[in-house]
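User: Please take a close look at one part of this model, the contact between its two chains, and follow it into the strands that take part.

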Amino acid sequence: MKRIEVIQNILEANETVARRNQQLLNVHRVFAINIMSSPGAGKTSLIQQTLTNLKDRLNIAVIEGDVASTVDAEKVQNNAKAVIQINTRNMPESCSLMAAMLEPALKDIPLDDIDLLLIENVGNLICPSEFALGEHKRIVISSLPEGDDKPIKYPLIFIDANAVIINKMDLLPYVDFDIAAFRRAVAGLNPEAEIFELSCKTGEGIERWRSWILAQVKSNAIK
Amino acid sequence: MHEFGITENIVNIAIAKADEAQASKVVQINLVVGEMAGFVPDCIQFYFDSLSKDTIAQGAMLHFELVPTQLRCRNCSTIFQPQDTIWACPKCRSQSIELSKGRELYIESMEVE
């Protein structure tokens, strides 16, 4: 018997495909955002708001990841240049999108005509944090009814986020969500993350989000 | 929750590395798994037994070295392990905390024949 040194990251296969995806996006100057949250926090609502507010400025494509159904794809199809639904139910893993699931989806999008790609991950605060897809920025949404303890319970996803959105701000009078404590927890884990307070329902706070996205896309490339 | 995909990767890496070493059998795979990585060793072994069937990795033992979570205070650089659900520095009470260990997920070495 002999011992061989390996030292190989088990997630490397995913990371290799993720890098390839990002190279493809870069060639076509597409800026990609991976949107993650627990189910029901408002990923689809945020995409709808982003489409409504930016469709005159940017050509936007959407990739919807769900265990099953095309419900979300139908909701966003009117305002997006292209919508691809990925159902993870029949894939080896259903708890998160993975880079290899994105690769064929990217082939179905007219990348030359797209400035911004919004990727809606599967609703889950654990698994998506492990799998890079090839995105340029990672966004995590927390909504007020979920409570302010999510960064404490699921630190990894917040550690890796470039921006954190507090959604459903219109419910603040009705729920016990300590905004200051939540901000403190996020800033402690990840001082670089931008934090947005908004309501996709009322549109409150959307303007700052809109400006941030525009600035991000602009810094990526101007077509 | 996604141990199946992880285990597929482990099997693929083990077979490739054993082939490189011109081995005919993988006896043991030594894995390093961080506490925060969220993978359940029993679950990985379960999938491994089925995914490695009829390969040179069939019957291999998986040995897990678990790495406890280690945190570092951004304010005073104290290294500590979390005692509480809220991550706060035991020395200066700062909540600005970096995760320094606990996300590992790699194959460290293998025993082959």
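Analyst: What follows treats the interface first and then the sheet of chain A.

This is a predicted model, in which local features need pLDDT of at least 70 and side-chain atom pairs count only at pLDDT 80 or more, while totals for chains, interfaces and linings use all residues. Residues are numbered from 1 along each chain as its sequence is written, chains are lettered from A and ligands numbered from 1 in the order in which they are written, and side-chain values use heavy atoms, with hydrogens and water left out.

Chain B brings 36 residues to the contact and chain A brings 31, where contact means heavy atoms within 4.5 Å. About 3000 Å² is buried between the two chains, and carbon and sulfur atoms give 63% of that area; buried area is the accessible area (1.4 Å probe) that two parts lose on being put together, summed over both.

Across this interface there are 14 residue pairs in polar contact, both residues being at pLDDT 80 or more; such a contact is a pair of N or O atoms within 3.5 Å, where within protein one must be able to donate a hydrogen and the other to accept it, and residues adjacent in sequence count only if both atoms are side-chain atoms. On the side of chain B that touches chain A, helix 1 (3–20), strand 1 (26–34), strand 5 (97–101) and strand 6 (105–112) each supply at least two residues, and helix 1 of chain B gives the most, with nine. Helices (H or I, at least four residues) and strands (E, at least two) are DSSP runs, numbered from the N terminus.

Three salt bridges are counted between chain B and chain A, each a side-chain nitrogen of Lys or Arg within 4 Å of a carboxyl oxygen of Asp or Glu. The side chains of Glu111(B) and Arg3(A) form a salt bridge at 3.8 Å, N to O, and Glu111(B), in strand 6 of chain B, is also the bridge partner of Arg3(A). Strand 1 of chain A (residues 2–9) and strand 6 of chain B run antiparallel and are joined by six bridges; two strands pair if DSSP finds at least two bridges between them.

Within chain A, seven strands form an open sheet with parallel pairing, in the order 4-3-5-2-6-7-8. Strand 4 (82–87) and strand 8 (194–197) of chain A each have a single partner strand, so one side of each is left without a neighbour in the sheet.
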